[in-house]
Amino acid sequence: MTEDPTPPLQLEPGLLRLLAPNPSPMTEAGTNSYLLGHDQVCIIDPGPDDPRHLRALLAAIDGRPVRGIVVTHAHRDHSALARALAAATRAPVLAFGDATSGRSPAMQRLAGAGIGGGEGVDAGFAPDIQLRDGESLHGTGWSLRAFHTPGHFGNHLCLEWNGALFTGDLVMGWASSLVSPPDGDLTRFMRSCARMRNLAPRILYPGHGAPVVDAVDRIDWLIAHRRGREAQILAALSDGPASPDALTARIYADTPAALRPAAMRNILAHLIDLAERNVVTAESGSPMTSRYGLT
């Protein structure tokens with residue numbers, strides 16, 4: 001059993017972080033839930049469905065009116081507590097859309113072919129209010145602007161507040177993000193990262209891990225990291241066609257076995273992106289098992 005929630009941490013005046021008790025190799029120390037505001041508050045990412053975390057959030061809210069519960073994306077470690085928190089606070093849940101919203105045509109085709117995301121999707125998630133790209137949510141003394149940033153997940157949002165960005169799982173400091181089709185989309189991931197970089201944020205508040213103070217440098221690193229991974233894949237394919245599994249074994253040779261499935265999802269995301277750009281072609285069959293070769 002995991003430990004009880006840690007005490008709230010004040011990051012800035014009017015901003016608290018509450019760490020959910022769900023540490024894992026995929027969540028670092030746990031999910032970051034953020035409480036924004038003084039008199040009227042907003043919760044960003046309520047987190048996993050854990051009664052201990054619900055109690056911690058309600059204690060931090062301390063009876064104040066909640067303007068909204070914003071979910072950055074429909075992974076259970078971010079969204080699953082939304083309904084219980086909404087019932088307890090009588091606040092609406094806001095997000096870009098349900099768990100299938102925001103998918104590109106290519107990802108819709110994959111989903112239609114039965115390719116699942118391979119991770120903790122909150123399939124039943126749906127917001128009370130859609131928060132569209134460019135829309136804002138206001139409360140007493142604060143304002144959040146939403147940006148639709150698909151890539152890690154189709155319905156992913158980043159949120160800007162006073163020059164800071166709440167980045168969900170798009171950009172984190174402790175690890176590169178998982179991109180797992182059809183929920184993850186590398187083509188859009190790269191565009192979303194470039195878009196957030198162009199905002200020149202002063203700091204990033206991610207869904208997992210510590211705040212990222214070198215915000216632009218971190219986004220630049222993440223973009224370069226993905227380009228480097230693409231170069232590795234193309235170099236491997238120069239030796240001949242290969243499947244995602246074979247490429248994973250070669251490129252992620254030093255990765256622990258428990259993380260290999262996630263690594264293969266990242267490889268698949270790159271292959272789908274390269275295929276959409278006509279850089280590689282796939283043999284017939286499932287995208288998961290097909291062999292890919294240079295065009």
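## A tour from helix α1 to helix α8

Start at Asp62: this residue follows helix α1 and has a positive phi, near 55°. Before you go further, keep in mind that you are looking at a predicted model.

**Stop 1: helix α1**

Now select residues 51–61, which form helix α1, and colour the buried ones: Arg52, His53, Leu54, Ala56, Leu57, Ala60 and Ile61. What do the buried residues of α1 pack against? Show β2 (15–19), β3 (32–36), β4 (41–44) and β5 (66–70), and add α3 (82–89), and you have the elements they pack against. As you turn the helix, it helps to recall that an α-helix has 3.6 residues a turn, so residues three or four places apart point the same way.

**Stop 2: the five-stranded sheet**

Next, bring up the open sheet of five strands, which runs in the order β8-β9-β10-β11-β12 and has mixed pairing. Which strands stand at the edges? They are β8 (136–139) and β12 (203–206); each has a single partner strand, so one side of each is left without a neighbour in the sheet. Look across the strands and you can follow a twist that averages 25° from one strand to the next.

Zoom in on β8. In a regular strand the side chains alternate between the two faces of the sheet. Here, Leu137 and Gly139 make up the covered face of β8, while Ser136 and His138 make up the uncovered one.

From β8, step across to β9. These two strands pair in the antiparallel sense over four bridges. Pick Leu137 and you will find Leu144 of β9 opposite; pick Gly139 and the bridge partner in β9 is Trp142. The hairpin of β8 and β9 has two residues between the strands, and in this hairpin Gly141 takes a positive phi near 85°.

Stay with β9 and select residues 142–148. How many of the seven residues of β9 are buried? Five are, so β9 is largely enclosed by the rest of the structure. On to β10, residues 157–161: β9 and β10 pair in the antiparallel sense, again through four bridges. To see where they face each other, select His148, which stands opposite Leu157 in β10.

**Stop 3: Asp183**

Move to the loop between β11 (164–168) and α5 (186–198), where Asp183 has its place. Is Asp183 buried or exposed? With a relative accessible area of 3%, Asp183 is buried, because the cut-off for buried is under 20%. Now show what surrounds it: leaving aside neighbours within four places in sequence, Asp183 is in contact with Ala99, Arg103, Gly117, Val121, Gly151, His152, Phe153 and Gly154.

**Stop 4: helix α6 and its partners**

Select helix α6, residues 215–237, together with helix α7, residues 244–251. Their axes are 11 Å apart and they pack at an angle of about 110°, which makes α6 roughly perpendicular to α7. The crossing in which α6 passes α7 is right-handed. To display the contact, choose Arg229, Gln232, Ile233, Ala235, Ala236 and Leu237 in α6, which meet Leu247, Arg250 and Ile251 in α7. Coloured by class, this contact has six nonpolar, one polar and two charged residues.

Keep α6 on screen and swap α7 for helix α8, residues 260–276. How far apart are the axes of α6 and α8? They are 10 Å apart, and the two helices pack at an angle of about 80°, so α6 is roughly perpendicular to α8. On the α6 side, the contact is made by Arg226, Arg229, Glu230, Ile233, Leu234 and Leu237; on the α8 side, by Asn266, Ile267, His270, Leu271, Asp273 and Leu274. By class, the contact of α6 with α8 has six nonpolar, two polar and four charged residues.

**Last stop: Ala275**

Finish in helix α8, where you will find Ala275. This residue is partly exposed, with a relative accessible area of 27%. For a closing distance, pick the C-alpha atoms of Ala275 and Gly173: the two residues are 102 residues apart along the chain, and the atoms are separated by 29 Å.

Note on methods
Residues are numbered from 1 along each chain as its sequence is written. This is a predicted model: local features need pLDDT of at least 70, side-chain atom pairs count only at pLDDT 80 or more; totals for chains, interfaces and linings use all residues. Side-chain values use heavy atoms; hydrogens and water are left out. Two strands pair if DSSP finds at least two bridges between them. Axes are lines fitted to C-alpha atoms, for helices over the stretch in contact, and angles run from 0 to 180 degrees between N-to-C directions. Angles under 35 degrees count as roughly parallel, over 145 as roughly antiparallel, 65 to 115 as roughly perpendicular and the rest as oblique. Contact means heavy atoms within 4.5 Å. Ala, Val, Leu, Ile, Met, Phe, Trp, Tyr, Cys and Pro count as nonpolar, Asp, Glu, Lys and Arg as charged, and the others, Gly among them, as polar. Buried means under 20% relative accessible area, exposed over 50%, partly exposed in between (1.4 Å probe, protein chains only). A crossing is left-handed if the near helix is turned anticlockwise from the far one by less than a right angle, and right-handed if clockwise.
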